[in-house]
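Student: I should like to study a protein model with you, one question at a time. May we begin once it is in view?

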Amino acid sequence: MMDLTDYRREFAQFHSRLELTRHEQRSEPSATDVFERVFDRYDHLFEYSAVNDLGQMVRAETYRTETDTAAIKSLYGAAVAGFLERESRAITRECQAVESSERINWDRSSVALVDVRDLLANEAELERRRELSHRWSRALRNCSELRSERLDQRRAASRKLEFSSYPAAWSAIKSCELDRLTPSTAGFLQSTASAYFHGLAKLRERDPELRHLPELDMPDQLRWRRLSRFDRLFAGWRRVDTMKMALDRLGIKVGQQQNLQVQVAGSDDLSPRSTVYRVQPPDDVRLLIGSAAGASGYWNMFEAAGQAQQQAWISPTFFSRYPEFIYSADNATPFAFGRLFRNLHLDQAWVAETYAAGNESAATELVAEFTLIALHDARENCAKLLFWNDYRRSTEGVETDYADRLRDATGFSRDGIRYLWETDDRFGFADELRGEMFEAALLEYLRSRYGKRWWADRKSSDELRDIWNTGARYSVEELSVQFGLGELSFDPLADRMIQLVRVK
């Protein structure tokens, strides 16, 4: 049987080095070899024997405290996730090589697949968006066979660990029965459908780029999410100063947090998105503010800022004693706090004070857009979860099923082949859904204790820091019970979204 102390030490080193490598290599177009050296150095952590030993410890239930029990379950979940990736690493490398070499000719340039999404978001001309999207889908199809093989390998790896299915493995990894979410997920789609599609119709009336389209497609969705119509509100704004100002209302002095490095992306940084690097929380957390312009860039920045704060206030004992409470494979808890900060953009008073200088009409219009995006995202994640629940039973007609589910949930069409890119990465959509449910319930709690302007009450940040201190020690389901919010439910999220969409 393994020595847990040694395993945890190397587990912490692996993730720390991986995060540091991600940060250092972020501007490199191809850093595969560098990452491979990290994976090779710690490959033994995710061998079958190591995962099996941890599984036996979980099943033995011999731990003296609740914390030790939670820790070994979390460590086992992280090891299972690592095993699934380890078993498919060779084909993952092949996927990366093929997808890196697949290029799209556009505007006399050779465009990488990873850059197409941002090009579409910034393309105002409909026909050009459609053509670029068509070329993108064709290029993805050229790479789809390897992606499909990788998924088959991960399903086979799940069976090696005696899970009944690939989603069952992820249920164990996240200590959450994803099957139990299925009825309430379908209920959320049904209860919010009228409000969402009413809001989508209103959006098409006020957005000149969407107004006359016979149908909405994925490139139109990406263009809408860019929120370019609001660039006038953000002209001249400084992103880091805006974030500092907003967090200062909560008594969080970002500039004085020596354990949190805040950097602004330079011209050589490849991703426009703001990103958190958990090098060694809480002592070394790095927040890169992405280069994305306008409202969507601020929206993303605040989500990353919320996640960075959650990491920066984690107990200093976790990295050495329980690194699995930092590098958990269940990301619903950090996601929830990222979403709490991102969703400040659904608060009219906050938006007016932060961006609109008291301009109520501008704030109202901006909140309406952000609210519809938030509801769109929740409904899209619901569709992905329901898709996976059925896909594990049958692979027949999978592309058509995925395309139909996403169109029915969001009103935007897409090529069904995208399921291989949009649902096969650590089941992040399940984390987002669970985190979103908890965030909605937590928001009600904060408002009941500190009022509608909880985001300007320093006592509320004291309470948040108490939760952040526990890292991923508690799942969002457990946190919900601890706060007296009852079982995690879609109801607070549905009620909030329906009310906001109808009001706007």
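Tutor: This is a predicted model. We may start with R414, whose relative accessible area falls under the 20% limit for a buried residue, so R414 counts as buried, at 9%.

Student: Which residue meets R414 in a salt bridge, and where do the two partners lie?

Tutor: The partner lies in helix α17 (residues 360-391), while R414 belongs to the loop between β7 (412-413) and α19 (419-422). The pair therefore ties together parts that are 34 residues apart in sequence. The N to O distance is 2.7 Å, and the partner of R414 is E380.

Student: Is E380 buried or exposed?

Tutor: A residue is buried when its relative accessible area is under 20%. The value for E380 is 12%, so E380 is buried.

Student: Which residues are joined into one network by salt bridges that share partners?

Tutor: Here, salt bridges with shared partners join several side chains into one network. The members are D40, D43, R86, E87, R89 and K160.

Student: How far apart in sequence are E205 and K202, and how does that relate to the helix?

Tutor: The side chains of E205 and K202 meet in a salt bridge, at 4.0 Å from N to O. Both residues belong to helix α9 (residues 178-206), where their spacing corresponds to about one helical turn. E205 is exposed at 51% relative accessible area, whereas K202 is partly exposed at 37%. Their separation in sequence is 3 residues.

Student: Which residue forms a salt bridge with R238?

Tutor: R238 is exposed, with a relative accessible area of 60%. Its partner is partly exposed, at 36%. The side chains meet at 3.3 Å, N to O, and the partner is D241.

Student: How many salt bridges does the structure hold?

Tutor: The pairs already discussed include E380 with R414 and R238 with D241. For the structure, the number of salt bridges is 51.

Student: What is the geometry of the aromatic pair formed by F319 and Y327, in a structure with 32 aromatic pairs?

Tutor: F319 is buried at 16% relative accessible area, and Y327 is buried at 2%. Their ring centres are 6.4 Å apart, and the angle between the planes is 75 degrees. An angle over 60 degrees counts as edge-to-face, so the geometry of this pair is edge-to-face.

Student: How many residues apart in sequence are the parts that F337 and W468 tie together?

Tutor: The rings of F337 and W468 form an edge-to-face pair, 6.1 Å centre to centre with 90 degrees between the planes. Both residues are buried. F337 lies in helix α15 (residues 332-342) and W468 in helix α21 (residues 458-468), so the pair ties together parts whose separation in sequence is 131 residues.

Student: Which residues are linked into a cluster by ring pairs?

Tutor: Ring pairs can share members, and in this model they link a set of residues into a cluster. The set consists of Y166, W170, F387, W388, Y402, Y419, F427 and F429.

Student: Over which ring does the charged end of R41 sit, and over the face of which residue does R465 lie?

Tutor: The charged end of R41 is 4.6 Å from the centre of the ring of Y42. R465 is 4.8 Å from the ring centre of its partner, which is W313.

Student: How many disulfides does the structure hold?

Tutor: A disulfide is a covalent bond between the sulfur atoms of two cysteines. The number of disulfides in this structure is 0. C143 is in none, and the nearest cysteine sulfur, that of C95, is 8.0 Å away. C382 is likewise in none, and the nearest cysteine sulfur to it lies 13 Å away, in C176.

Student: Are C143 and C382 buried or exposed?

Tutor: The relative accessible area of C143 is 1%, so C143 is buried. For C382 the value is 0%, so C382 too is buried.

Student: What is the radius of gyration of the protein, which has 23 helices and 7 strands?

Tutor: The globule rule gives 23 Å for 504 residues. The computed value is close to this, so the protein is as compact as a globular protein of that length. The radius of gyration is 22 Å.

Student: What percentage of the residues is buried?

Tutor: Among the buried residues already discussed are E380 and R414. Of the 504 residues in the protein, the buried share is 58%.

Methods:
Residues numbered from 1 in each chain as written. Predicted model: local features only at pLDDT ≥ 70, side-chain atom pairs only at ≥ 80, totals over all residues. Heavy atoms only, no water. Phe/Tyr/Trp six-rings, centres within 6.5 Å; stacked < 30°, edge-to-face > 60°. Buried < 20%, exposed > 50% of the residue type's maximum accessible area, 1.4 Å probe, protein only. Helix = DSSP H or I, 4+ residues; strand = E, 2+ residues; numbered from the N terminus. Lys NZ or Arg CZ within 6 Å of the ring centre and 35° of its normal. Disulfide = S-S within 2.5 Å. Rg over C-alpha atoms; globule rule 2.2 N^0.38 Å.
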